[in-house]
Structure formats: C-alpha cells, structure tokens
Amino acid sequence: MVVENVNPSVYQRLEERTVSETDYDNNYEDMIDEREVFDIIRNLQDPEHPLTLEELNVLDIDSIKIDNKSSTCRVEFTPTIPHCSMATLIGLSIKVKLLRSLPSNFKTEVSIKEGTHASETAINKQLADKERVAAALENMNLLQVVNRCLEDEYNR
Amino acid sequence: MLKLLTTLSGHDDMVWCVAWNPKGNLLASCGGDHSIKIWSDDGSNKWICRATLSDGHSRTIRWVSWSPCGKKLATASFDTTIIIWKQKNEYEFEIVANLEGHENEVKCTAWSIDGGFLASCSRDRSVWVWDVSEDEEYECSSVLTSHAQDVKHVLWHPQKNLLVSSSYDNNIKMYQQDVDDWICTDTLESHESTVWSSDFDPSGTKLISCSDDKTLKLWKVDPEKIDKNTNWSCYSTISGYHNRTIYSVKWSKVNGLIATASADNSIHIFKENESNDPNEPTLTLLFNRTNAHDQDANCVDWNPVHENLLASCGDDGTVKIWNYVD
C-alpha cells in the first residue's frame, strides 16, 4: 500500500478525564457528554499510521456535538489531507465505534468538517445512508479493516 | 389518531420492510436477520407469527413484495439475489425461483398489476424487468441503466404497465414498454437528496415521493395523456414535518390517506386537500405519531382491504400494527 501522507504532523493528546464524585453515584443521572464521546473515539487508529485519530488531529473534542434531548450525536472529522482516499474508511470506523458504544436509540451523524476534503459532499452522503452503511458492514473484508482501526492501543 | 393495536417482536435485527398480502389477512416482514416472517390475526385480535422463512438468503433481506394473486412473495436481498416463494398451503412457502444477475445488493422488487412482470433494482445502478411466465419461468427482458447511482425503490402503476424507480442520484424515472424493449420515458428532477420511495394515488395520475432532503413531493400528469405524455411535473413540495430522512411513503388505495415513516422515529398521516386554491397547502396533516418506534421507522404499509389498518417497522426490530381513527 502506498502511504499518501508520508510525514503527518503529530499533535499532543488531551489529558485524561477527571473523575468526579458523581461518577460513583448510581443515583445520579449522568447524561452523555462530549468528553465521554471523545473518549470513545479518540483512540481509533489511523488506517495508514500507527497513530490515533486524536494524535493526527482528525478529531478533537470540539468536533463533537451531543444533544441528549433528541438523542443525537454529531461528529465532524478533519482528514489529514484534502485528497485522503481513506476518508470514507475513517468516517465509517467512527460511525461503527459509536453504533457499538452509544445506546441504540442514539442517532449518530458522522461527516467531514466543511472545507477539508475535495469530495466531502459525496462522502458525507455515503456515511449518512444507513442502508449503504448496513451493506458495507456485511462485507467481511471491509469489516476486518474497520475492526483494525477500532483496536485501541491505549486501552489494551 | 393512530391507535397501536399490537407490537410484534421476533426479528433479531432491524426490520426493513412490511407488506400486506392482497387479501389483507397476512403481513410479511423482513430485515437484517436474513429472515422473512409471516404474521396474521388468530381471529381474536391476537397476532401470531405463522412462519419464519430463513433458508433462502445469506444477507439482509431489504424488501418483500406479494404478487397480485397473493400466492407468491418476491424478496430482495443484499446477497444480490431475488427469491420467489410460493404458497404451498396456508402458512407454508417454498422457493420456486432464485433470480441472479444483479452485481450488487438488490434493494427492492415489485410486481406489475397483471402479475406478468417483476421489477428489481440494485446498488449496481440498474433496474431489471423480468417476464413472468405461467409456469414460473423468470426471464430478464430488460436491464435499464438510466440512473447514475444506487437505485433504492421500484414501483408499478396501479392500473398500467408503467414502472417508476427512485434513486440515490436524487431522481425518479418512469419506464414503459416500447415494442419489445423497455425505455425510460421521463426523469422527475426536483429532490435535493436520495429519493427513498414513492407511491401513486388511487387514480394513478398523481405520485408522491419521499427523500433524504426531508420533504415529500407531489407530481402529476395529464390523465388523458398518461400513456403518451411523459411529462410528469412537481406541483408541490411538502416540508417542515420531518426532522430526518423520510424512508417510506404510502398512499392508501382504500381511504386515500398518505402515511410516512421517517428516521425521526415518527409516522405521519396526511390527507390530500380537495381545494384547488393555489394558496392552500396540498396536504393536511391529520396526525403525527412521534416515537412510533424507538429508533428509525423504515416502512409503512396500508392494509389493502381493512380501511385504516396500517403496519410499520423499524430499526428497533419491531413490527407494529396501528388503527387510524378520525
């Protein structure tokens, strides 16, 4: 495989989440927040480099918007280069991780941050089409590649 | 209002499609668990799963459609095949044909009103018309490649051999038979994103379509010229009722009501306005059932006999049967 972005910039990881007292309180109704979603997806692996999406600045905490009232989770990611052919795969990996981690009634919307990819409209439409996502996830070869991106080296 | 009569669980994954048989006494459902289920009322308003057909497809079953005689089912699967199931006796079905040819996931199938044709469409961007012979031979008579993208839905006119397809390329296309081949006779352009489904009004001179652009659109053709005139035009866009993609729209041939299923979990019921005042909205919202399903609502189907009976299904794995009461 030809590596497209040979020498990517590596960014600092965010400090670990501070544990609060309410985290141990079973009677406390804890809403899902941006930080929680960020922790779910920050360690996804880049398909090309042994680096996480956070380290490549594909994702940061501001890329995530949560609305508990409408059970919506929006994630915008920034491909490392505007012609990245891995963008669909990265988006799919984020989508799969969220589908597997968030409560089933959550609506997940994964899209490319505006103006950061040459074919963002086409890729966003594909990622928003749940029928095509469902079909893609029945493709064993593709699922293997996605699962590899989901292997989380920081939590292993 | 929409009164929930029953919730049917049994599918192990999302349910993509529900379809009533022509007599309105059997409901078929299918989905991500690779099975088709046949449901019916036991006579005391208790609904039972009468059959589970699970030995046919190896991947998601996206669509199920009954033949007009009610004796056959066609199922479309992501495994690229279409299976024809024939009713052996009351609740037993056997495979009589396995139609291969599509290069990619099959998204939808539909029988023509005379039962002589079956249409199918696929991720491979094509629409196929199959000739159905009396001895159950299925021969592909045309491969239509007018769409530029994934074809989501096919539908036949309620009286004529006029075929409609809806696509990821945002367009709807119409096809008619021309001597011995099928040709695309019209392209309906107006939606701004994927068109997921469409349905004719009872007369067959109007069409309603639903889309990822969160709108419904009404289209009409001059009734005098339906066979010749290929000029369908959009006369109304209905927006503001749905927050997310609208996956399914059905126009009841019995009571004339329009039902929609959406990714915002809702089922909406609309009535067409009879007034010809151009300033009046063309559809009136009769009822909005928010949270009809716990997740996306994927499909609705009006019972073809029992007025006001509606079936729906969703990503939550359930099939629901509703009664619409004024």
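Here is a short chat about a predicted model, looking at some strands of chain B and one stretch of chain A.

Visitor: Let's start with the open sheet in chain B: which strands stand at its edges?

Guide: Four strands make up this open sheet, in the order E10-E11-E12-E13, and their pairing is antiparallel. An edge strand has a single partner, so one side of it is left without a neighbour in the sheet. That description fits E10 (106–111) and E13 (138–144) of chain B.

Visitor: And by how many degrees are neighbouring strands of this sheet turned against each other on average?

Guide: Leave direction out of it, and the average turn between neighbouring strands of this sheet is 20 degrees.
One pair to look at is E10(B) with E11 (residues 117–122), joined in the antiparallel sense over five bridges. To find a spot in that pair, look for B:Thr109, whose opposite number in E11(B) is B:Ser120. The average turn, again, is 20 degrees.

Visitor: Moving on to strand E7 of chain B, is it largely enclosed or exposed?

Guide: Check its two faces: B:Lys72, B:Ala74 and B:Ala76 point one way, B:Leu73, B:Thr75 and B:Ser77 point the other way, and all are buried. That makes six of the six residues in E7 (residues 72–77) buried, so the strand is largely enclosed.

Visitor: Which residue in the turn between E6(B) and E7(B) has a positive phi?

Guide: E6 (residues 61–66) pairs with E7(B) in the antiparallel sense over five bridges, and B:Ile61 sits opposite B:Ser77. The two strands form a hairpin with five residues between them. The turn residue with a positive phi, about 80 degrees, is B:Gly70.

Visitor: On to E8(B): which residue there stands opposite B:Ala74?

Guide: E7(B) also pairs with E8 (residues 82–89), antiparallel and over five bridges. Their hairpin has four residues between the strands, and B:Thr80 takes a positive phi near 75 degrees. Opposite B:Ala74 you'll find B:Ile84.

Visitor: What about E3(B): which residue of E4(B) is the bridge partner of B:Leu27?

Guide: Five of the five residues of E3 (residues 27–31) are buried, so this strand is largely enclosed by the rest of the structure. Five bridges join E2 (residues 15–20) to E3(B), with B:Trp20 partnering B:Leu27. Four bridges join E3(B) to E4 (residues 36–41), again antiparallel. There, B:Leu27 has as its bridge partner B:Trp39.

Visitor: Last one, over in chain A: which residues does the "MIP18 family-like" annotation cover?

Guide: The label comes from an unreviewed UniProt entry, where it is listed as a domain. The stretch is 28% helix and 21% strand, with its end C-alpha atoms 19 Å apart. The annotation covers residues 35–112.

Notes
Residues numbered from 1 in each chain as written. Chains lettered and ligands numbered in written order. Predicted model: local features only at pLDDT ≥ 70, side-chain atom pairs only at ≥ 80, totals over all residues. Heavy atoms only, no water. Pairing = 2+ DSSP bridges. Axes fitted to C-alpha atoms, helices over the stretch in contact; angles between N-to-C directions. UniProt positions renumbered as here; feature names shortened; annotations may be inferred. Buried < 20%, exposed > 50% of the residue type's maximum accessible area, 1.4 Å probe, protein only.
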